[in-house]
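Visitor: I would like a close look at one part of this protein, the packing of its interior around the aromatic residues. Please take it step by step and place it within the whole chain.

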Amino acid sequence: MPLAVATSVIGKSVATTVAKKFGGAVVERWTCHRAERFFEGFVETIGIESSTGIQTEEVDRRLAAILADDNKSEALFNAYRRVCFSKSKTLSPRVIGLLSGQLVHDGRMADYMEESVFEAAESLSDGDFIEFMKSYEEHRKKAEGITDANAEHHMLGDSVIVRWSDESSDTSSPFGGELDISPFPWEDALGRWAAKLKATGLLEERVRQTSQQRSQPFEDDQIIKTSVTTTIIFSSGCAKLY
């Protein structure tokens with residue numbers, strides 16, 4: 001047998017062995033881990049966990065009813081499919097389980113905002129989740145109980161509004177001063193998680209530019225004061241993700 005062929009055969013044999021061990025030690029292990037976190041959140045939301053930790057006839061009955069319902073079983077399947085592809089091993093599966101339990105309990109499919117929460121949960125790693133939760137909690141605490149739209153932090157319904165920056169310039173140019181109105185740098189300002197949430201629609205920015213003309217005493221030139229205010233919004237869906 002030529003050396004190249006022998007090496008190829010040995011290589012395939014080793015690869016097969018490694019694949020089997022990988023399947024048992026890695027794939028199965030982390031698949032089970034994700035599934036456990038998912039179903040922990042799921043049963044917590046729909047209230048079928050047993051106080052003793054032992055499966056009962058009531059738990060069996062309620063689970064059987066859920067699985068027999070086409071809409072509920074479809075919602076459960078779609079949610080678990082997301083768990084399988086989630087980047088997070090622990091936090092995403094639990095969040096997906098909690099939201100899925102709510103949908104199954106209500107007997108409905110996810111609305112637009114809930115789909116965004118599912119998409120965000122699927123894309124965030126555990127590290128991303130932790131950084132998001134820290135930032136969201138910080139801004140939410142500052143906004144709680146405040147409805148004044150002129151405040152730096154305030155609530156609008158369940159959304160958290162943060163006035164991120166104010167810039168202004170005075171100039172005699174009819175076009176105003178040069179102020180930065182480029183897209184908000186989500187990753188640089190808040191982190192990688194923010195860029196992912198922006199992509200799902202859970203975060204958004206608003207830029208407002210205003211110009212005010214005023215005359216200088218004893219001078220012909222008109223002074224143009226230009227202001228740019230950048231606001232970021234944590235939508236109500238962030239509370240479900242949190």
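Guide: Of the 242 residues in the protein chain, 34% count as buried. The model is a predicted one. The chain has 9 helices and 4 strands, and from the N terminus on these elements run α-α-α-α-α-α-β-β-α-α-β-β-α. Among contacts in the chain with a separation of 6 or more, 66% are between residues 24 or more positions apart.

Now the interior. Nonpolar side chains in soluble globular proteins tend to be buried together. Here the largest nonpolar core has 37 residues, and the members that touch the most others in it are Trp193, Leu197, Phe234 and Leu241. Helix H4, residues 91–106, supplies the largest share of this core, with 5 residues.

Two of those core residues, Trp193 and Phe234, are also found in an aromatic cluster, together with Phe132, Tyr136 and Tyr242. The structure as a whole holds 11 aromatic pairs.

Phe234 is a useful place to stop. Leaving out residues up to four places away in sequence, Phe234 touches Ser135, Tyr136, His139, Ser159, Val160, Val162, Trp193, Leu202 and Leu203. Tyr136 and Trp193 in that list are fellow members of the aromatic cluster.

Ser135, another residue touched by Phe234, belongs to helix H6, which spans residues 126–143. Ser135 counts as buried because its relative accessibility is 10%, and the cut-off for buried is under 20%. Beyond its neighbours within four places in sequence, Ser135 is in contact with Leu190, Trp193 and Phe234. Ser135 therefore counts as buried and has contacts with both Trp193 and Phe234, two members of the aromatic cluster.

The strands also bring in the largest pocket. About 340 Å³ of space lies in this pocket. The elements that each give two or more residues to its lining are strand E1 (153–156), strand E2 (159–171), strand E3 (203–215) and strand E4 (222–234). The lining has 14 residues, and those nearest the centre of the pocket are Ala149, Arg163, Arg208, Thr229 and Thr231. By class, 6 of the lining residues are nonpolar, 4 are polar and 4 are charged.

To return to the part you asked about: Trp193 and Phe234 are among the core residues that touch the most other members, both belong to the aromatic cluster, and both are in contact with Ser135 of helix H6.

Terms used: Residues numbered from 1 in each chain as written. Predicted model: local features only at pLDDT ≥ 70, side-chain atom pairs only at ≥ 80, totals over all residues. Heavy atoms only, no water. 1 Å grid on protein atoms, 1.4 Å probe; cavity = no way out; pocket = protein on both sides within 12 Å on 5 of 7 lines; lining within 4 Å. Points joined across faces, edges and corners; volume = space filled by probe spheres on them. Nonpolar A, V, L, I, M, F, W, Y, C, P; charged D, E, K, R; others polar. Phe/Tyr/Trp six-rings, centres within 6.5 Å; stacked < 30°, edge-to-face > 60°. Core = buried A, V, L, I, M, F, W, Y, C linked by side-chain atoms within 4.5 Å. Buried < 20%, exposed > 50% of the residue type's maximum accessible area, 1.4 Å probe, protein only. Contact = heavy atoms within 4.5 Å.
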